[in-house]
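Reader: Please take a close look at one part of this structure and work outward from there. Give the cut-off for each term as it comes up.

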Amino acid sequence: MQSKGAIRFLAILLGIVCLYQLSFTIVTKRVENKAHKAANGDDALYTAYIDSIQNIGVYNLLFKDYTYKECKDREVNLGLDLKGGMNVTMEVSVADLIKAMAGTNSSDLTFQKAITDAQEMQKTSQEPFVTLFGKAFAKADPNARLAAIFNNIEFQDKINFNSTNEEVLRVIKTEADDAISRTFNILRTRIDKFGVAQPNIQQLGSGRILIELPGVKEPERVRKLLQGTARLEFWETYENSAIFDDLQKVNDLLKAKPHLITGIKPEEITLDTTGADSTGNNPLEALTSVTTPEITTSDDSLKDTSKSSLLSKIESDSASRDSADAAASFEKFAKENPLFALLNPAIFQNENNQSEYRKGPVIGYSLIKDTLKVNRIFSNPEVLAQLPKDLKLAWSVKPPTPNSSLLELVALKVTSRDGLPPLDGSVIVDARQDFGQFNSMPEISMNMNAEGAKSWKRLTGENIGKSIAIVLDNYVYSFPVVQGEIACGRSSITGQFSISEAKDLANILKAGKLPAPARIVEEAIVGPSLGKEAINAGMMSFIIALVVVLVFMVTYYNNAGWAADLALFANIFFIFGVLASLGAVLTLPGIAGIVLTIGMSVDANVLIYERVREELKHGKGVRLAISDGFKHAYSAIIDSNVTTLLTGIILFIFGSGPIQGFATTLIIGILTSLFSAIFISRLVFEWRLAKNKKIKFSTSWNEKLYDHINIDFVGKRKIFYVISGIVIAIGISSMVIRSFSLGIDFKGGRSYVVRFDQPVHTDDVRSKLTEPFGAAPEVKTFGPSNQVKITTTYLIDDHSTEADGRAEETLIHALGIDKSFIMSSQKVGPTVADDLKKSAVMAVIFSLIVIFLYILVRFRKWTFGAGAVVALTHDVLIILSLFSLFWGILPFSLEIDQSFIAAILTVIGYSINDTVVVFDRIREHIANHPKMERNRVINDAVNATLSRTVNTSLTIFFVLLTIFVFGGEVIRGFSFALLIGIIVGTYSSICLATPIVVDLAKEKPLTQLK
C-alpha cells in the first residue's frame, strides 16, 4: 500500500478535527443536564439558568475559554423535527412593491389588469413576478408604455418618458431584488432580537426566504413578528361629526341600489334573537362600555330633525335586538339602513338622554366578522363618490375593551397631494418597550431624528385639540388628542398590549419597515413532545441498524468483518464531526440518511471482500489477494458511489427543509464511507499482516455458497420483461383510476397532527370539522389509534396575518380540545405547492439525464446508459404503481410528497449503484474473454456479482426494515418506498438493465461492448 504514512496522518488529522467539533456538543449537553437538575422540572427556572450563563466560560480548550453561547453555536444542530419549533417560508409580495413604485398611477386600469393577470399566472409558473408582470402588461395593451406609469419623482433619474418597457422592467427588477435583500436583512435583525437559540434564515430565490426557529412555543407571536411590515404612519384625522352626513348619504345610496353591497347576503347581517354574534358576545353591550371623552356642550347640528329622527330610529331598532321579535325587527332595520346594520355610528346618549356624536375620529363600530363586508362597501367607486376625497378609513387594531367583539373605524385625513402621511416611521431612530406614566400599562416609546422631530413639532402644533392617529401596517393603534406642541421628537404608542407584544412591536420598529409585505406561504410547526419522540425513534432505528450490520459483517466475513466494523465506526464518527464543523442541521430524515449510509457503506467493504475471496480461490496468498482485491474493486466502488453522490447532489439542489437534511447526510456519508472503507480498513489489514495475524474472509458455511450458481439471466430476459410489463400495466391503470394520495406539499393546504386522550374514529373527527371548515377535511389515522392527521384547504387563500391563527382556533373549537393536543402542523400555499411539484419532476428527470451521461462517459457506449435509464424508469414506475394501488389500504401514510421524491431519488442512486457494479464486471469479463460466446460471458459476469448483490441488498434491506419499524410514523411512508425500491432496484439491475444492453447491442461483437 503506497502512501501509507500520508493516509494514516490524514485519518488522524480528520479524527482530531471531528473530536474538536463534537466536543462542544458534549459540553453543552453537560451544562444543560446540570441546568435541568437545578430547575427540577421548572421550565421558567431552566430558561433563567441558561440565560444567566450565556456569556460565562464553560469550556477551556487550547488556552481559550469558550462561553456557553459560543459552545452552543458550535454544537451539532438538531432540526425542528427533533427538538420542536417552527419552520416558515416567506414570500416577498413583489406585486405590492410594484404598486408602491407606481404611486398614484397604480389606479391605471391597464396596470391593475396586468397585476391581477400576473398574480394568476404566478400560480402555475416559476418565472419571476416582474417577468410575468411585463408579459401581462404587454398582453393587456400592446401599445401601453410603462414609463407613463413609473415616471415619478422617486425614479426620475432612472426612468423618463422615452424609456422603453424593457428598460422600465429592468429598473423594477433591480428594485425588487434590492427589496428582497433588505427584507432578508430586516427579518434577520428581528429574529436576532427575538432571542431564539440557533435560528436559521436563508434566501431561497424567487423572492422566498426560509426561516427556522427551534424551540418556539408561540407560533402566533412569531407570525406577527415576521409578517408585520412595520409601516408606521402619523395621520391627521376628521371629527366624527364631520363625516356623519356622508355616511348617511352612503346608507341612502345602498338602500336605493342594494346591488352595490357585492357578495353580502341579508342573512350575513342578521343577528340571532339574543343579539349575540358568533363569539357569544352582545355587541350592544360592548358598545355601551366604550370609553368616550367628556363632552361639555351639545353640537347644534344634532337638533336637525332628519338626523334626530334617524338617530332615534337606530337606537330604537338597536334596543329591540334584545326583545322577543329581535330577528324580524332587525331584518326590517337592515333593509332600511343597510350600512348602519353593519356599521354602528359612534353615537351615545348623554345624561339628558340626548343623542350626541362621540368626539374624536371614530365614526363607527363593526363586529370583527363584519369588517370584510364594510370594506367591500367602502371600496365601491359609487360609494367612494359620496365621501370626501381626502378621507381615508382604517380599522383599530383591537377592540376598545377586552370583552368587546367590535372594532372601531377611524376617519383619517389626507393632507398631501401624493396621498402620503405627513410623517412616517423612517424618522424613528429608537423604539423600546416602556410603561405608561399614569396607568403603568405596557407601551412603545419612540425617539425621532432631527428631521422627524421638526415635522412632529409642526404636526402637533397645527393639531392642538385634535387627534393624531398612529397607524401601523394599516391598523390604528391609538389616536391621542394633542394637548400642545411637542418639540422633543418623542412619541409613544399605547393600547392593550401585553409586555411581550410591546417588546415585539418595539423590535419591529427598531429593525425598520419591510420594503414590501412578506407573507408566510409555507409553514411547519413541531411540538417539543413530538420532537422528543422523533429523537427516540431515530436513535432506536440507528442503534438496531448498526447492530444488525456489525453482526452480519462478522458472521459472514469472519475476522475480516472486524476491520469493516471498525471502518464503520470511524465513518459514523466522521459523519457527525463533519456535520458539526459545517453547521449542518441534523433532521429525522437526516438520521434516516445516516442509517442508510451505514448500509451503503458496507457495500464498499462487501465489494472488496468478495474480490479478495475470488483472488484467494485462484490460489493467491492472503497478502497478494488483499492487494489485488482492493485494486480490482476500486473501479466498481468509485463508479457506484459517484452515481449515488450525483443523485444526492440533485436532491440537495431541488429539495428543501428536511429533505435537504437527508441529502446533506447522504452526501457526507458517501464521501466519508469511501475514505473509511478504502483506507481505514486497508490500514487495519496492513497492521494485522505486519503482526503476522491470520485474516479470514469466510466461514465454513459460506465459503462455497455461490460457487455453483449459474442462472441464465440473458436467456430468461423475456420472462422478466413480461413480469415487469404486467405489474407496470396494472400500476398505470391504478394511476388513471385511483390516482395518488397527494401530500399538501404538492396540493397545498393545511395539515394538523392531533393526539387525543382516547382512540377516535376518523369519521367522527371529519363530521365535527366539515361545517366549521366549509368542506369535509381529509382525516387519517396517523400512528396510534388516538392520533389523526387532518388535511384541509380552509383559509389557505387568505393571506392576512390572522388567517393561520383563525384556522387553528377553528380546529380547536370544533374538536373541543386544548392547543397542546396539536402535535404538529404544516401549511403550504398553492403557489409553493405548484413550484414543489415542478421541482420534484425536474429532480427525477434531471437525475436520469445526469446518470445516463455519466454511464455514457464512463463506459463509452450509449447502450449501457440506455439500459441503466430504462431500468431506473422501471423502478420509479413500480414504486409509483404500488403507492397508487395501496394508498388507503395499508395502515400507514402513502402520500406523494417531498419525502417520497427523496425516496425515489435515493432508490435511483442505489439502483444505479447496483447496475454499475454489474456493468463493470461485464466490461471486465469481456476484456478477459473476448472470444467467448456473448450471452455466456455476460451471464458469467452477472453471476459473479450475485454474492455482492445479495449481501449488500440484504444488509440494506434489514437496515431499512429497522427504520420502517422503529423510525416513527413521520418517515414510515418514506422508508416503505425505500424498502420496495431496494427489492425492485436489485431485480432490475440483474434482470433488466443487462438484458436491455444485450438487446440494444444485438449482432455486435463483444469487443464493441468493452
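**One residue, then cores and a patch**

Author: D177 has a relative accessible area of 37% and so counts as partly exposed, the class between buried (under 20%) and exposed (over 50%), with a 1.4 Å probe and protein chains only. The model is predicted: local features need pLDDT of at least 70, side-chain atom pairs count only at pLDDT 80 or more, and totals for chains, interfaces and linings use all residues. Residues are numbered from 1 along each chain as its sequence is written, and side-chain values use heavy atoms, without hydrogens and water.

D177 sits in helix α9 (residues 165-194); helices are DSSP runs of H or I, at least four residues, numbered from the N terminus. Its C-alpha atom is 7.9 Å from that of G207, 30 residues away along the chain.

The largest nonpolar core (buried Ala, Val, Leu, Ile, Met, Phe, Trp, Tyr and Cys joined through side-chain atoms within 4.5 Å) has 131 residues, of which Y609, F685, I855, F900 and I908 touch the most other members. Helix α30 (residues 898-928) gives the most to this core, 16 residues. Another core, of 53 residues, lies apart from it and includes I180, V196, L213 and A516.

I855 is in contact (heavy atoms within 4.5 Å) with R860, F864, G865, A868, I912 and V916, leaving aside neighbours within four places in sequence. In soluble globular proteins, nonpolar side chains tend to be buried together.

F958, in helix α32, is partly exposed, with a relative accessible area of 41%.

Technical notes
Helices (H or I, at least four residues) and strands (E, at least two) are DSSP runs, numbered from the N terminus.
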